[in-house]
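Reader: I have a structure to look at and plenty of "how do you know" questions. Could you take me through it?

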Amino acid sequence: MKPAPFTYLRPDSVGEAVAALSAHGGDARVLAGGQSLMAMLNLRLVEPSVLVDISRLEELRTIRLEGNMIEVGAAVTQAELLAWPELDEQAPFIARALPWVGHFQTRNRGTVCGSIAHADPSSELPLSLTLLGGEVVLRSASGERRLTAAQFQTGMLQTGRRADELITAVRFPAGVGANGAAFREVARRHGDFAIVSVGAVASGGGSVRIGVGGVTDTPRCIEIGAELSSVDVVERIGHLAWELGGYDDVHASARYRRDLVRRIAPKLIGEVRACSA
Amino acid sequence: MGAGRYADDMPVAAGTLHGAVVRSPHAHAMIRSIDTSKALALPGVHAVLTGEDVRALSDPFLVVLKQPIDQWALAVERVRHVGEAVALVVADDRYIAEDGADLIEVDYEPLPAVIDPREAVKADAPVLHPAAGGNELSVRDFVYGEPDKAFAQADRTVSLEVEYPRSSYTPMECFVVVANYLRGDESYDVLANFQGPFSIHPVMARALRVPGTKLRLRIPADSGGSFGIKLSVFPYIVLMALASKITGRPVKWVEDRLEHLQAANSCPNRVTKIEAAVEKDGRVTALRFDNLDDYGGYLRAPMPGPLYRMHGATTGAYDIRNLAMTNRVVLTNKMPAALVRGFGGPQLYLALERLMQRIAVELDLNPLDVIRRNLIPAGSFPYRTCAGALYDSGDYQLAIDTALGDGRLDDLLARREAARKQGRIYGIGFATVVEPGMSNMGYLSTILPAQVRERQGPKNGAVSMVTVNVDAVGTVSVTADLTVQGQGHATAISQIVADQLGIDPEDISINLELDTQKDQWSIAAGTYSCRFSPGTAVAAHIAAQRIRDKVARIAAKQLNTLVDDIVFGNGRVYSRSNPDNGAAFGRIAGTAHWSPVMMPDEDDPGLSEMAVWSPPELAPPTAKDEINTSLTYGFVFDMCGVEIDPVTMQVRVDRYVSMHDAGALINPLLAEGQIHGAFVQGLASALYEEITYDESGALETGTFAEYLVPTACEVPAVELLHIETPSPFTPLGAKGLAEGNCMSTPVCIANAVADALNVRDVPLPITPNRLNAIVAGAEPAPPPDLKAAAPAAAEVPADKDAITGAITGDGEVVVKADPAAIWDALLDPQSLKAIIPGCHAVEAVSENHYRAEVSLGVGPIRGRFTADVHLSDLVEHRAAKLSGTLSGPLGKAEGRGRVTLAGEGDSTRIGYTYGVDVGGKVASVGGRMIRRAAQLIIGEFFERLGRVATGGENGKAAAAADAAQPAAPAGTASDEAAADATPKTPPRETAPEAPSTGASSWLKRLFGDKS
């Protein structure tokens, strides 16, 4: 279990990193925390010819409030975000979901942006990005652009990032969920990839926005209006379960995934409604 | 801490080369050819070994059964399981060796595989070893007492079929071998973390065609766990030895986790049909077993041990005098089974103790009453079971009463009552287990008919050997015939020896490295089957006693007193009657080195004693097939309460009590450690761990994300209790105790789940997914607008039977082009190049037969493959069948499918059905995503087909998706599909358990290159 040969680059600035990606494009992979990439390298599931290590770029190691957005730089680890003193107040949903990302040890290395970049269907951070309406900041030699969650995560492990682009940060709207946020995840063991994860936040006017991860290629969110009775909610979620369909894997059938959505989502909606009432 | 010396830590000679093993992606295939030229051309690669090299230089491994089921250190002619070693690349370092391994091209001819043992015994099953004539290698019937009569007279019978799954208790450290061929004397010097039994040493030496003395095997002082698994390093010892001979350099190989999970070891899975003749009060008068034990691709020595290790103890803790048993050994296309902690016990007790629970349910009795009415009476020990085991000691009633006492049972009952009142799902389970310690090396000969045994001569016993040395200044050192795996043997031995010699255990130096050229060992050496406490510990005790006796004689002469008057204590040797008359232990002992003239007449100088312990109770099987399978028989009684989460269906162990009688405990702290470890592994078998294969034989559990070892978070507290009824057959009174919970915990939890849900069949491991399938009932129907997305048998195309695969599905695309244009695109190699995702080149091999070089994957995951595609059954402009294979370093795929074209105005509806079997590395590590990935790639193929047919192949690049996702689990490529090709029905995959079919081979190659 040794990687195929590659060239290791550790640029000293974002500019250099972007230049490296411009030069090597699709032959390069960006290394931040390495919690998914290193395993894939060692299994030779990915064989880039160049690895661009951005983990020590201080300019990417910042968490800051900018207007009504929380911007998390690409070198910020999950543990660092979890320890950010304002997390509970500014991003109560992430404060609930983040402890479910991997394990204590992997969160010390794994980055917030890396998890989003990897676009695993069952990851908690892509679900957070979708649910909260965040955006991904990409930089290339030709400039910067921002993609919404839906624009960014296009499929299972697939994103809208172009080969010459570096994700420099991810931005979450501040304060979403302040009036109610809930997260639940089902996995075989503590820290495992979610079989199903469900998040919910109060989205104003009595509505609840609910997101489901792990069931299909990308996280999926819907709005549950205040006018829906609890019976309506069950029906709407039942519909959602079939919309998602779900997939079979070694741990769970699509049927079990749909059952989990049906059982968990209405509860979470009820919890958030109770909070925001 | 941190100062252990593990095999991989040992310095190696300058110039040592490193090996990487090429493994089969196929469950069953013939090897047509192996092209090693590209690997050999890689700088730094020194040699490549294939099965033919191994066949030329070595002999097949000896097997227990006289059957033509040869196995070498590398596959010869045929592979029989995914992960089987096919070639070895030897290079300057492991990186280069793996680069070389990726360049080995093996041409396989796939064969049908058989995975389910029930299928494997059928007449039309694919046969793994054609020379053996079938997959069922041994069938033996055993009858003890008069079971038929008892069944005829019984009030009623209760029966059950259970299946024990495949699992393996993965050690933290994988296999390590460093082999060095010594040209000087044409011998092999091998360092490996082999665990024994050393009955396998002659197997290795025979394979290498050398006498045992020319295979020096050295085992390091530390090993990172084993649990039986490290027996199975032995084929690699032979392989690396041959590699060293070929290269003239030492060769080192360290198994990685993927290799380990693919091919190291597994317990046999077993299907047991069990039946009891029962009286009205629950008393069992007879038992019938039909055991079908599945050993995977090969029967490796000492298999089929698990089927016979418990033989004498088949009736467990019960006084049942009538027993009929059929033992069947079967091979399937899975990794070979071998030693795993528990070794036959978990399989036996899953059947027996589930049956006892069923008897209680079916007779409406209290399960504890059923257990109690059948227990072997206290006071009847030593007790000879009907199958020949001689249970040394025990008081099962006392053990159970003690476990239930102090309010423990009342508490469990109250918890269940309270939970059920609140509508929660709660159950209680019990399990009663007799735990064997130190196996009779002759037990496996029970598989042979008595006449054959008589011809071959008796096999029996279990020899233990320990040497105690005292040096010139009186410091004590010990070597022993065991291998270290972290059990605390050194602590226990020093304690036993110190007790005899009156010195501080800390002052005793224990060296548990083992060197077959310099240390004492027998075929029983090693660490397995709980042989330490009843075996090696006894030998240590005897050797220390002999040293003590000799030192006492020396002291008596020097101190002018009688031997009986000599006492050892506090580091001194002195007269009991006059304690001042004495000297330091070292001073008296040193006499044996410094002053032979002062030795007693009957003693030689020097102070070193090797003791051999071989208990007489371990007799060979009798003519009636009675066998005392082990020396000691401990007792375990477990009870637990479990609660099942109605949302997730996860089983939570609420309270767990485990009572043990392991005779006299040598070291209570070490005993608790062993029991805790066995409990965690028993819990793993109950709820988490399983090695799974899909129906094509692809291994699905190649990483720890699929093979789920419970972590500290998953392990509940366990309350341990002990009583001690010392064994009369071992001088220390101690019994084995390290496997009991591997046997009791899976079935105890299964019984609790059966109680909670009131069900008869409880599949292991008890996963939430499985419980949901049992409990959840029919699924709510999909809403009318989504009917198409729901799996429905009625939608299965008529020809679906023709298309099979582990991954199946179908889909359709509507394209604005006429069928002829699409047809032409499909048959034109240049168009195919644009259609096949990631295709670099297409070559027409013959009419309707193409070969393509493709780079396929999902997201960043990508592999290079060679695709071989056939089109057949062509109905012009209407339909075709496709079949083909993909192969590359990441694995292989075989698929078959059908495509239909139907003109609709100016459009064509392309329908496709496929079945794909994906194997090798990508299937083993991609468990979570492989099905979806195959679906995506296949979907992309057809969308590209649509684009090419409409001349739009360079259409939209994969860019940002629409904000709204497609409603159904649909194609990734929807953004590319543009207006010309609109996916109407999302590609859909049938659940694996559904009647499956539909597949297309080439489709698999469709692992599309999307980024």
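**Where a helix meets the other chain**

Author: Let's start here: the buried residues of helix 20 of chain B pack against helix 11 of chain A, together with strand 27 (630-644) of chain B. Bear in mind that this is a predicted model, where local features need pLDDT of at least 70, side-chain atom pairs count only at pLDDT 80 or more, and totals for chains, interfaces and linings use all residues. Residues are numbered from 1 along each chain as its sequence is written, while chains are lettered from A and ligands numbered from 1 in the order in which they are written.

Reader: Which residues of helix 20 of chain B are called buried, and what makes them so?

Author: Pro768(B), Leu771(B) and Asn772(B), in a helix that runs over residues 768-775. Buried means that 20 or more other C-beta atoms, placed from the backbone, lie within 10 Å of the residue's own (exposed is 12 or fewer, partly exposed is in between). These three count as buried, so they reach that cut-off.

Reader: How do you know on which side of helix 20 of chain B they sit?

Author: They cover an arc of only 105° around the axis, so they are on the same side of helix 20 of chain B. The arc is that of the directions from the helix axis to the C-beta atoms. In general, an α-helix has 3.6 residues a turn, so residues three or four places apart point the same way.

Reader: What makes two residues count as in contact, and how many do so between chain A and chain B?

Author: Their C-beta atoms, placed from the backbone, must lie within 7 Å. By that test, 49 residues of chain A are in contact with 56 residues of chain B. Helix 11 of chain A gives the most to chain A's side, with seven residues.

Reader: What makes strand 7 (136-144) and strand 8 (156-164) of chain B edge strands?

Author: Each pairs on one side only. Pairing takes at least two DSSP bridges between two strands. Their open sheet has the order 7-15-14-13-8, with mixed pairing. Inside that order, strand 13 and strand 14 of chain B are joined by 10 bridges and run antiparallel. There, Val271(B) stands opposite Leu292(B).

Reader: Why is chain A called as compact as a globular protein of its length?

Author: Its radius of gyration, taken over C-alpha atoms, is 19 Å, and the globule rule (2.2 Å times the number of residues to the power 0.38) gives 19 Å for 277 residues, so the label fits. Also, 60% of its residues count as buried.

Conventions. Helix = DSSP H or I, 4+ residues; strand = E, 2+ residues; numbered from the N terminus.
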